[in-house]
Amino acid sequence: MTPHSPRGGSGMTIIVKSTTRIVTAFIMLFGTTIVLYGHVTPGGGFAGGVIIAAAFALIVLAFGKTLAGRFVTGTTASVWDSAAATAFLFVGVLGYLGGCFFWNFLRPPQSGRFTLFKLYSAGSILLSNTAIGMKVGMGLLGVFLALSVFRPRREEGEGHE
Amino acid sequence: MTNILPLVVALPLGAGFLSPLLGKSRRGESMAALLALGIGFANLAISVALFTTTEPLVYWIGFWNAPVGISMAVDGLTRLLLLTTSLVALAALVFSIAYMRRFTATGLYYSLLMLMVAGMNGVIVTGDLFNLYVFLEVASISSYGLVAFGTEHEELEASFKYLILGSIGSLFILLGIGILYNLTGQLNMALVADSLAGRGANRAMTLAAAFFLMGFGLKAALVPFHAWLPDAHPSAPAPISAMLSGVLIKASGVYALARIVFNVMGPSAAHADVLTALGALSMVVGVFLAVGQWDFKRLLGYHSISQMGYIVLAIGVAAQVMSPRGSGDEALAGLLLFGGLFHLFNHAAFKSLLFLSSGSLEQQAGTRMLKELGGMRRRMPVTAFCCRIGALSIAGVPPFNGFFSKLVIVVALALAGKWLLAALAVFVAMMTLVSFLKVQRTVLEGETPERLAGVREAPYPMQSGMLILATVCLLGGPLVVWLRGWLLDPAAASLLTRAAGYAALFSPRGGP
Amino acid sequence: MKQLLSCVLTLMLWLLLTWSLAPSDIAAGVFFSIVIAVVLSDIYPDNPQAAFEPRRWFWAAVYVPYFFYYMVRANLDVAYRVVHPDMPIRPGIVKVRTTLKGDLGRTALANSITLTPGTLSVDIIDDCLYVHWINVSTLDAEEQTMLIVEKFERILKKIFR
Amino acid sequence: MTIDPIPMVFITVGLLFDLLGCIGLVRLPDVYNRAQAATKCVTLGTCLVLIGVAAQFGVSALGIKALLCMIFVLFTSPVGAHAIVRGAYRSGVKMWGGSVVDAYADVAASEQEKS
Amino acid sequence: MIPGFISFGVAVLLASAFLCLFRISRGPTPPDRTVAIDILGTLVVGFCCVLCLATGLDFFMNIAIAWALISFIGTIALAKHLEGRHFDD
Amino acid sequence: MNAMTIALAIPLAGGLLAYVLSRKAPTLSAVIAFLGSLLAAVFVAQVWSGEANPQLLAPLASGPGWLARFAILDLKAGSLELVFRATRLGNLGAVGTVFFGIMIALYSMTALQSHPERGRFGAFLLWTLFGAFMVFWADNLLVVLLGWEIVTLMLYLLVNTDPEGSRAAEKSYGILGFTDVGLLLAISFLVASGKTRGFSVSQSTVYVGSPGVAIAYFLFLAAALAKAGAWPLHTWLPPVAKSSPAAVSALLPASLDKLLGIYLLARVSLDLFVLAPWMHTVLMIIGAVTILSAVLMAMVQHNLKRLFGFHAVSQVGYMVLGIGTGSAVGVLGGLFHMVNHALYKSGLFLVAGSVERHAGTAELDELGGLRRALPWTFGVALITAFSISGVPPLNGFASKWLVYQGALAVGGFLGPLLFTVAVFGSALTLASFVKVLHSVFWGPERQPAAGSAKPEPLGMLLPMLLIATLCIVLGVWAGPSIGVWIAPALEELGYGLESPLYGLDLERGLWNPLFAVVLLAGGVVLGLLLYSVGGTRRARTVDPFMGGERFGARPPFYSGTHFYVTIQKLPFLGGLLKDGEAGAFDPYRWAGLLGGVVVGALRALHSGLLNLYVSWALLGLAVLVLALVL
Amino acid sequence: MSSGAIPFALSMVVLLIGLYAIIAKANVVKIIIGILITDYAVNLFLVLLGYRHGGRAPIVTKADLDTSGGVSMGFVNTSVDPVPQALILTSIVIGLAVAAMMVALALRLHDKYGTFDITRIRRLKG
Ligand code: NA
Ligand code: NA
């Protein structure tokens, strides 16, 4: 089943599908900015991660798992989830190697090239925020996928068709 | 030495994150197991290394100081708990290598296990109230997952009930932390202690204390907050049961409770009475329920409640002694705490040992119902030997370690003038013995049912895991004087520093 | 080529969102645009080059006020019906046909119908649109198509072709 | 902050449309009609408010964001309504008794049979 | 003047929100509630705009966008659920 | 190192060695057990003689009489210290222990040859010796407790040989463990009361004044009585005797447990505590009840070993009675009876083992006529049976005689009553053993059911004969024996004996025992004469005949147990016995039933309903808040 | 009760509502909702802790910097306490994880037991 088929057995109507094709990129971009600018504005890894997860969830909803499987499956989600967590810890360990756990090894010197309230002003916080964003996003997506696999059994006495 | 401190959290956390990455293939799963095992060894090495000095250690994460920064603090109590945790974790990990072969998704298993270890270690080393909560939740959530790992009826049911009750506990802990923060404007435990030290009791503090007692009491499964434990602990895979009963309820329950009551809030007469009552109640109710069980692991679960009762009882009476209304006799309180903490250490060893041997029996014989087992002494000699060591230890039979801790507790209770409680402790010891006599008769002795005629001894890794703990149980008693000198008395002493002393030791003014 | 255009489109969206031309922001934007374009390449619009044809933009610019007019009219119409004590409605679902070919065009049409007087797209199957009409003025299919679809189709054809 | 008159007009009208839409949500007889009224009015209303904000802040990060948000709402809100109404029909919600025609009934029935 | 206008805006939005809540609580069918929830989500976007005007802080617009898209996705999910299908169908 | 530490170390290390080898080389383990006990005996003997010879007792650590001192655990009011002291009473116990250790180790090498557990048996035997030495020599109450519990544990492990044994083992540990923890409580109370000098036994003297101290004393008493097997804590003993190998029964319930229990009873009642008069009365009544109830139960038993078990209980009554009198004669009798009982009862159990080995069963109804197949065993059985029945001139008579005198010396209403009970008990014992001898050795010979059908080997016979010989020696030369073994201990406990000779206190005694011996011997001789003169052997024998059918090849058999059916039919006593056999007076059973009710109620509360659990937690919180606020 | 305590009392009322749901409802889903409500109540409580009447969001903007590049005291004194908000964010994340776990478990339970009725999910007892 391709996204080009006007109405496939899986997914929703082409109205939803086409809209999804347009807005997903926007949603992801938005989530990314929220993650990246988390140290300057409210938001950060967690909020951005939720939004990124939502974007993937939208793909799953609109196209069904057959197509969504090309983007993400439960397995890949959990892999990226763990990778992100490892990366987060890695940032901490890099700081550790530099002297202290979670030491901001990228923090610019007071009079440095980087200015306050800009993307790179926060040093390693940016990296950890990114890692958190990915962690949260993929974690939630994993949860969503895991839950959407669920097929409730009919309760007894409910079997009338 | 301070520098290795964050590793106790970071290493297992890293392994926890990496394991699911590895666990996608059969080979990856064994890689994950090896990684976890390596971390287990490293963990133990670090815990041992922390004993090279007896000084209190503080580590400030990211070079930030309080109130923004988060600290890790190590004193005698921390050292004791860390050593206990890593010892049991190592045994459980060694055991898991063979035990978990029959499960799928072991990558996830090792991941959750490592996260649980990270959470527990975090709870133990953190010097910050909110971080305590966070690590508590990390440990709890991974344990919820591990309890449900078998994904059968009972496992899911147990995990759900555990989850609901555990969440309620966490909720009140968080509320308590919020209240303390509101009162003091601090989250660093030393600063909170410093701020609370000067003032008398007030309503808000009382409420916070009640919330802590309830929340951590729930994590420690004290009666009447215990109902989840007999469901949850038996439902997990055996090495996890060993971890849950052996160390998790102690790290996230008793340790946190003792730390807050003694070092942060300072023991008041009311706290002490409540602790004592909870301990005594748990001790008695737990053992009665255990006596009536025919499911080996459930029986062990109820015994955990009962044995936790001993620990909390000892700590509670120590708090009574140290409270403003008590005699303030530090030697007596020290003896009580020594008994309680020694029992904590011993219980970690023998209860984990028992859970591991129950797992070994269950895997080899296919059942954990006492009535379906029998004559295992001849079929599985090593497992039976370990099981018997554990049973005799928990029953307080000399020369095993459990005898000595119970001895100290009973004598100390009598010295504190708590005649009735001493009698109760002795009575519960008796009931424990009776219950484990039943276990030995029905599992180790007696006729082997025909169905189990072909049962063989468990594989070597499982044996080794059990033997590690059996050794601790065997040597813990005779070596008590040595253990007391470097492990237990410093731990008791750190609880006796009181709030002011704790604040002086760990407040950021003393930091970098 | 198609991929590159997708990336450029995404980058433009990024610039709009961050509204900053600082080198650091642009660098981050380029990086994440590429990532997102690659990840979403399967569901990106099939012909991104279409977005760079001025003719389409011209007709789009024409369409906006045109559509806005109908939208406001629609709202006043609804407001009238809602506020009117008698609630003069005559609802029903009718079937109309469209001659638009592309998914995007049909989606735009359906959305336009939804937002304009008295109609709401219920489903789209091939070239048939099922529309809920709050005030069914005629039961004749031709006339219905005329009333509901024609007015948008003319311009949308020019935009989406 | 002073709000300029033009944005204020936009916003006021937008808010009133919002209110109207919600009144429609309450008053109209069945889910299809409610979805119609509410979606139209609230979408327009919110878009007007967003335009007002954009107008207030001009060409700045905030203004552009408001416009992007408006475009997003304009794109997605009818889709949402469509999806709900389709879902409603397929879940068997009957149309209001006063409805005059239902061209969709056969299609929905045959689809149901297929699945 | 300005507080007055902001209050007016908040009042209108609250009134609308209460109407939605009425529909959510009354039903009578699940789609009715879903529609109302969808509308409520859009109202929140308006609410964020008003707050943005009141405070001049631009992160309210971020919230508005975030809310709009989460609300959309939620609506799609609910709609799919109404059809009696699974999320990953 | 000195003799005492070596004597303690040998069984500990030997046991470890034997345990390690038990699986791979069980025979070697058994040998180690034997050699270990022998070696230990050498050093025990040194300690014994060193007690008389101060040179040997030269202290290693400070203080006179202290042999070693090593503090394990500082408990504020005192420490758990490895402090050992050779006392005469303790040495008596230690000598007895090592003697029986050697005997049983020797016996079991052959008796348990084909037993699957014989390797472990050796290890546990040595550890039992170790625990017993600790009890006898320790001068620290907590060390006494340690040794005490080790012996309990070893009993449990030794009895755990088969399904029936594991039930008995569980019951024994249930009762003994209960009193063991009671002992811990007693020690804690005693020390916390501040009336002792730390945990020291020798340096403390406690006057029973407050109820707390009385409770502590009774907890000590319970431990001692349970270990020795006195009423009402005796119920573990008969099942253990029945279901464990005879060697185990001979080692623990028959001998070591008696030595330990009575040692503790004496140590506590006569040394550590200064008892109130009413406590003596309680002790004596316990003794009397024990004598009577157990012997009655013994009469209706059908299993040889179980019957012996009840006798092992009954005889404890004499010891408790004797010590309970508090008078020099009584205490002397009690302690002497402890030694004698250990001898003849272990001898009896060894006999039972021999019988069981030969016939494959210990059921009286299935045995008979073994006197020809097992003549030596029969001889030993005869001696030990008469000894336990108090037939002169055997050792049982000597000590019972002293106990009778002690009982009479109590005077008043109680004295004669106790005396009557004691004598009556002795008579019933005799009656009971006539039944045993008849059922097992006399009567027509019956084919062994499943046994080896061979006569007893030398390895088993040697200890039996040695023990039987000692029964005669200690009976005939009772006076000198008392002088060597018992009198020093008695002196140490503060009872001066003017003439520690057999037949002491002749002036106050009722009968001259020599006269009694002559009378009784005359009676026996008369009976034998009548039997041989009466010519009953010449009676005509006919095959039983009934309705034209002959009975099977097996000759008719009159079971010795049938004589006692009458007792079971007595209106009141019979009912009591029936109830007793069903466990109606068993505290273990009652505790189990009571506990069952509580457990049932608590389990019913845990109904699995999550809402209920949550409400407990919240209710608990509410109570907490109230408790903290108020 | 002082007027300052009223919001706290309200959050406690929310808490009690949640707890009521957990105790009184038999439906697993409703129990989960109860937990979520209690979660919100605690978060609300924490928000109230950090609330300063008339305070503003603890977000540093350029205007709040003093000459040395640090945060001005004026900002510190007027903004609401940021620590509880950090706590809440963390606690929300944790709550989310717990909620996901609860839902997943509930669904699995339904799969096994065929019901959401907690009174029928009682294999473990005694
Ligand atoms: Na069994
Ligand atoms: Na004394």
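A pocket, in the sense I'll use today, is an open set of grid points, on a 1 Å grid over the protein atoms alone, with protein on both sides within 12 Å along at least five of seven lines. Thanks for coming, everyone. Please keep in mind that the model on the screen is a predicted one.

Let's begin with the second largest pocket, which holds about 2,000 Å³ of space. Its lining is made of 49 residues, and those closest to the centre are A:Ile22, C:Trp57, C:Phe160, D:Ile71 and D:Phe75. Which helices supply at least two residues each to that lining? From chain A there is α1 (14–36), and from chain D there is α3 (61–90). Chain C brings α1 (2–18), α3 (54–83), α4 (103–115) and α5 (141–160). On chain C, both domain 1 (2–49) and domain 2 (53–159) give at least three residues to the lining. For those of you thinking about the chemistry of that surface, the lining counts 33 nonpolar, 11 polar and 5 charged residues.

Now to the two sodium ions, starting with ligand 1. Its protein donors are the backbone-labelled O atoms of B:Leu370, B:Leu373 and B:Thr442, at 2.3 to 2.5 Å from the ion. Written as a sequence spacing, the donor residues read L-x2-L-x68-T. B:Leu370 sits in the loop between α13 (330–365) and α14 (376–379) of chain B, while B:Thr442 belongs to helix α17 (residues 419–444), so this pair ties together parts that are 72 residues apart in sequence. B:Leu370 and B:Thr442 are both buried. The other sodium ion, ligand 2, is on chain F, where its protein donors are F:Ser204 (O), F:Asp271 (O) and F:Asp271 (OD), lying 2.4 to 3.1 Å from it. F:Ser204 is in the loop between α6 (163–192) and β3 (206–207) of chain F and F:Asp271 is in helix α9 (residues 246–272), so here the pair ties together parts 67 residues apart in sequence. Are these two residues buried or partly exposed? F:Ser204 is buried, at 1% relative accessibility, whereas F:Asp271 is partly exposed, with 21%.

Next, the cysteines. How many disulfides does a search of the whole structure find? The count over all chains is 0. Let me take two cysteines and go through the distances. A disulfide needs two cysteine sulfur atoms within 2.5 Å. For E:Cys20, the closest cysteine sulfur is in D:Cys22, at 3.7 Å, which is too far for a bond. For B:Cys473, the closest is in B:Cys386, at 9.2 Å, again too far for a bond. E:Cys20 is buried, at 0% relative accessibility, and B:Cys473 is buried with a relative accessible area of 0%.

On to the backbone, for anyone who likes torsions. Most peptide bonds are trans, and most residues other than glycine have a negative phi. Against that background, here are a few cases to look at. The bond joining B:Val223 and B:Pro224 is cis, with omega about 10 degrees, and B:Pro224 falls in the loop between α8 (203–219) and α9 (229–235) of chain B. A cis bond also runs from B:Pro398 to B:Pro399, where omega is near 5 degrees. You'll find B:Pro399 in the loop between α15 (381–394) and α16 (401–415) of chain B.

For phi, have a look at B:Thr151, which is not a glycine and yet has a positive phi of about 50 degrees. B:Thr151 is in the loop between α5 (129–147) and α6 (153–184) of chain B, and is partly exposed at 28% relative accessibility. C:Trp19 has a positive phi too, near 50 degrees. C:Trp19 lies in the loop between α1 and α2 (23–39) of chain C, and with a relative accessible area of 35% it is partly exposed.

Last stop: two pairs of residues on chain F, comparing sequence with space. F:Val295 and F:His311 are 16 residues apart in sequence, and their C-alpha atoms are 6.0 Å apart. F:Val295 is part of helix α10 (residues 277–299) of chain F, and is buried at 0% relative accessibility. The other pair is F:Asp365 and F:Leu283, with their positions 82 residues apart along the chain and 37 Å between their C-alpha atoms. F:Asp365 is in the loop between α12 (328–359) and α13 (370–373) of chain F, and is partly exposed at 30% relative accessibility.

That's the tour. I'm happy to take questions, or to bring any of these sites back up on the screen.

Conventions. Residues are numbered from 1 along each chain as its sequence is written. Chains are lettered from A and ligands numbered from 1 in the order in which they are written. This is a predicted model: local features need pLDDT of at least 70, side-chain atom pairs count only at pLDDT 80 or more; totals for chains, interfaces and linings use all residues. Side-chain values use heavy atoms; hydrogens and water are left out. On a 1 Å grid over the protein atoms alone, a cavity is a set of points where a 1.4 Å probe fits but cannot get out, and a pocket is an open set with protein on both sides within 12 Å along at least five of seven lines; lining residues have an atom within 4 Å of a point. Grid points are joined across faces, edges and corners, and a volume is the space filled by probe spheres set on the points. Helices (H or I, at least four residues) and strands (E, at least two) are DSSP runs, numbered from the N terminus. Ala, Val, Leu, Ile, Met, Phe, Trp, Tyr, Cys and Pro count as nonpolar, Asp, Glu, Lys and Arg as charged, and the others, Gly among them, as polar. Domain bounds come from an automatic or database domain assignment. Buried means under 20% relative accessible area, exposed over 50%, partly exposed in between (1.4 Å probe, protein chains only). Donors are N, O and S atoms within 2.8 Å of the metal (3.2 Å for Na, K and Ca); water is not among the atoms, so sites may look incomplete.
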